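Student: Please take me through one part of this model closely. I would like the salt bridges, and then how they sit in the rest of the chain.

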Amino acid sequence: MRNIWTIARREYKLYFISPVAYVVAFLFMIILGWFFYSGMRGAILQAAYQASAPTVQVIISPMVTLLLFTMPAITMRLLAEEARMGTLELLLTAPVKDWELVIGKWLGGFLFMVTLLAITWIFPVALNFMVEPGIDQGPLVTGYLGLILMVASLVGLGVGISSLFSNQIAAFFVSLAVVLLFWLVSPSSSTAGGLGNEIMTYLNFIDHYLNFYRGIIDLSDVIYYVSLTALGLFLGTVSIEIRRWR
């Protein structure tokens, strides 16, 4: 556990000296702020004709999409950069187990993204003061819980994919392709029912977030994201073990 925390702390600090992480975080907040402004402006104009107030969904909905495109840029360097610089071989000779290295890298990236999510709380806090009698806290809490689980799984997949490459750009595009695959996968419209369609429906990344978005916590959705996280960490561990025995 000590090795995991040491690696995670080092990785977390590296994000704050990495220009890529700053650029990604800056663009993330700017784009989210623009969506927040546009959503609020549209809701205010609509409220002039309907007795409705903007909800926390004006923040969470664009954030989900932004995360899907942000995560590959955040995770692409986790192990690919170590392989490119030749420091991965040094880590493999250190008294650190393969799974400790992978989990430590994952934890560092995960904590950075949780920090970024914490900063985004300025938007629901502002929204809470702008509407009467305030926003519904249930969807806010479950929505952010779902975002944390989603981030955990995306970082896990990113670590696993990054371990396969020594080129960050290749890791980025493969991670992006995998994320888009899980995002866009859907059952075939030509056939109804069947095991294949059920599997396709279950694999869809966004469908499992809808319950959190609506203020509902479903155990199957939690298991889905935890399973994806474990899959990514397992892939990364196997990849590192193969590198060790080459």
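Tutor: The salt bridges come after a short word on the model, and the core and surface follow.

This is a predicted model, in which local features need pLDDT of at least 70, side-chain atom pairs count only at pLDDT 80 or more, and totals for chains, interfaces and linings use all residues. Residues are numbered from 1 along each chain as its sequence is written, and side-chain values use heavy atoms, with hydrogens and water left out.

pLDDT is the predictor's confidence in each residue, from 0 to 100. Its mean over the protein chain is 81, and 85% of the residues reach 70 or more. Confidence is lowest in helix H5 (residues 87-93), with a mean of 68, and highest in H6, at 90.

The protein chain has 12 helices and zero strands. Both are DSSP runs, numbered from the N terminus: helices are H or I with at least four residues, strands are E with at least two.

Now the salt bridges. The term means a side-chain nitrogen of Lys or Arg within 4 Å of a carboxyl oxygen of Asp or Glu. The structure holds three. Arg10 meets Glu11 at 3.8 Å, N to O. Arg77 meets Glu11 at 2.7 Å, N to O. Arg77 lies in the loop between H3 and helix H4 (80-85) and Glu11 in helix H1, so this pair ties together parts 66 residues apart in sequence. Lys105 also bridges to Glu11, with the closest N and O atoms 2.7 Å apart. Lys105 lies in helix H6 and Glu11 in helix H1, so that pair ties together parts 94 residues apart in sequence. Shared partners join Arg10, Glu11, Arg77 and Lys105 into one network.

How covered are these residues? Buried means under 20% relative accessible area, exposed over 50%, and partly exposed in between (1.4 Å probe, protein chains only). Glu11 is buried at 0%. Arg77 is buried at 9%. Lys105 is buried as well. Arg10 is partly exposed at 41%.

Next, the core. A nonpolar core is a set of buried Ala, Val, Leu, Ile, Met, Phe, Trp, Tyr and Cys residues joined through side-chain atoms within 4.5 Å. The largest one has 65 residues, and Met113 and Phe205 have the most contacts inside it. Elements giving two or more residues to this core include helix H1 (2-15), helix H6 (98-119) and helix H8 (137-162). H8 gives the largest share, 11 residues. Contact means heavy atoms within 4.5 Å. Beyond its neighbours within four places in sequence, Phe205 is in contact with residues including Leu68, Met150, Phe182 and Tyr225.

H8 also holds Gly143. Gly143 is buried, at 0% relative accessibility. Leaving aside neighbours within four places, Gly143 is in contact with Ile60, Tyr209 and Phe212. Gly143 and Arg214 are 71 residues apart in sequence, yet 7.7 Å apart in space, C-alpha to C-alpha.

Last, the surface. One nonpolar patch of about 690 Å² is made by Val23, Phe26, Leu27, Ile30, Ile31, Trp34 and Phe35. Patches are made of residues with over 30% relative accessible area and no salt bridge; like charges are joined within 9 Å, nonpolar side chains (Val, Leu, Ile, Met, Phe, Trp, Tyr) within 5 Å. Accessible areas come from the Shrake-Rupley method with a 1.4 Å probe; for residues, only the protein chains shown count as cover. Ile30 lies in helix H2 (residues 19-47). Ile30 is partly exposed, at 47%.
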